Amino acid sequence: MSCTINSQDSCNFCNLHILRAEGASFQCRRCGCICHSHCKLYMPINCAPRDGVRPDKALKAVLSSALHSGPLFKKGKIVRSWKQRKFVLDPMKGELSYLEDDRTQGSILIKDIISVEEAEPQPVNGLTKQGFFFNVCTPKRVFNLMALSEDERKGWLEKIRVALNS
């Protein structure tokens, strides 16, 4: 549902300002949270406020517990080159998805993840540039991923492990 926004509103998913010129924004009828039209797909379904907590605070608590998104490089399964993708960890959907141009290219079910571990450095598309590598292991495949900083890698490892244990 489209909503009217004021100049002070920020997206409850990505925390960025919602500009009037950006087009449609959306507001949940149940809890009142707002988001960009492109963030709507990532908003949790069970967003009802709990125990009198303001809706946007309740949503941020849910999102901050394990939900994580951002760019990572993924090594292809067939063409073994590294490509940048946007990754979204959504424990409510039970998946770690990867997107290209805001379209889902694939997903890893959290319940199928056997382990998440740091990995040894690898050549990236023939360059000597080093990244911060980690693997997400499932029974069918080992997903080779690379973050651009040690902090990003640690963040992803921590959030995926939290999702695995919940």
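This briefing covers model confidence, the nonpolar cores, the salt bridges and one buried arginine. The structure is a predicted model, with a mean pLDDT of 77 for the protein. Its largest nonpolar core has 18 residues, and the structure holds 3 salt bridges. Arg-141 is buried yet has no salt bridge.

**Confidence**

- In the protein, 68% of the residues reach a pLDDT of 70 or more.
- Confidence is highest in strand 8, at a mean of 96, and lowest in helix 1 (residues 55-66), at a mean of 48.
- Residues 1-7 have a pLDDT below 50, and this stretch has 19 contacts in the model beyond near neighbours in sequence.
- Residues 62-66 also fall below 50, with 14 contacts in the model beyond near neighbours in sequence.
- Where pLDDT is low, the predicted coordinates should not be read in detail.

**Nonpolar cores**

- Within the 18-residue core, the residues with the most contacts are Phe-134, Val-136, Trp-156 and Ile-160.
- Two or more residues of this core come from each of strand 4 (82-90), strand 5 (95-100), strand 8 (132-137), strand 9 (142-147) and helix 2 (150-164).
- Helix 2 makes the biggest contribution to this core, giving the most residues, with 4.
- Apart from its neighbours within four places in sequence, Ile-160 is in contact with Leu-89, Leu-96, Ile-113, Val-116, Phe-134 and Val-136.
- A second core, separate from the largest, has 6 residues, among them Trp-82, Ala-119, Val-124 and Phe-133.

**Salt bridge between strands 4 and 5**

- Glu-100 and Arg-85 form a salt bridge, with their closest N and O atoms 3.6 Å apart.
- The pair links distant parts of the chain, since Glu-100 is in strand 5 and Arg-85 in strand 4, 15 residues apart.
- Arg-85 is buried, at 13% relative accessible area, whereas Glu-100 is partly exposed, at 32%.

**Salt-bridge network at Arg-153**

- Glu-118, Glu-150 and Arg-153 are linked in a network of salt bridges.
- The side chains of Glu-118 and Arg-153 meet at 3.7 Å, N to O.
- Because Glu-118 lies in strand 7 (residues 115-118) and Arg-153 in helix 2, this pair ties together parts that are 35 residues apart in sequence.
- Arg-153 also meets Glu-150 in a salt bridge, at 2.4 Å, N to O.
- Arg-153 and Glu-150 are 3 residues apart in helix 2, so about one helical turn separates them.
- Arg-153 counts as buried because its relative accessibility is 8%, under the 20% cut-off.
- Both acidic partners count as partly exposed: Glu-118 has a relative accessible area of 49%, and Glu-150 has 24%.

**Arg-141, buried without a salt bridge**

- Where in the fold does Arg-141 lie? Arg-141 is in the loop between strand 8 and strand 9.
- Which side chain of opposite charge is nearest to Arg-141, and how many Å away is it? That side chain belongs to Asp-112, 12 Å away.
- Arg-141 has no salt bridge because a salt bridge requires a side-chain nitrogen within 4 Å of a carboxyl oxygen, and Asp-112 is 12 Å away.
- A polar atom of the Arg-141 side chain lies 3.3 Å from the backbone oxygen of Lys-75.
- Leaving aside neighbours within four places in sequence, Arg-141 is in contact with Lys-74, Lys-75, Gly-76, Lys-77, Tyr-98 and Val-136.
- Val-136, one of these contacts of Arg-141, is also among the residues with the most contacts inside the largest core.

Methods:
Residues are numbered from 1 along each chain as its sequence is written. This is a predicted model: local features need pLDDT of at least 70, side-chain atom pairs count only at pLDDT 80 or more; totals for chains, interfaces and linings use all residues. Side-chain values use heavy atoms; hydrogens and water are left out. A nonpolar core is a set of buried Ala, Val, Leu, Ile, Met, Phe, Trp, Tyr and Cys residues joined through side-chain atoms within 4.5 Å. Buried means under 20% relative accessible area, exposed over 50%, partly exposed in between (1.4 Å probe, protein chains only). Contact means heavy atoms within 4.5 Å. Lys and Arg count as positive and Asp and Glu as negative; His and the chain ends are not counted. A polar contact is a pair of N or O atoms within 3.5 Å; within protein, one must be able to donate a hydrogen and the other to accept it, and residues adjacent in sequence count only if both atoms are side-chain atoms. pLDDT is the predictor's confidence in each residue, from 0 to 100.
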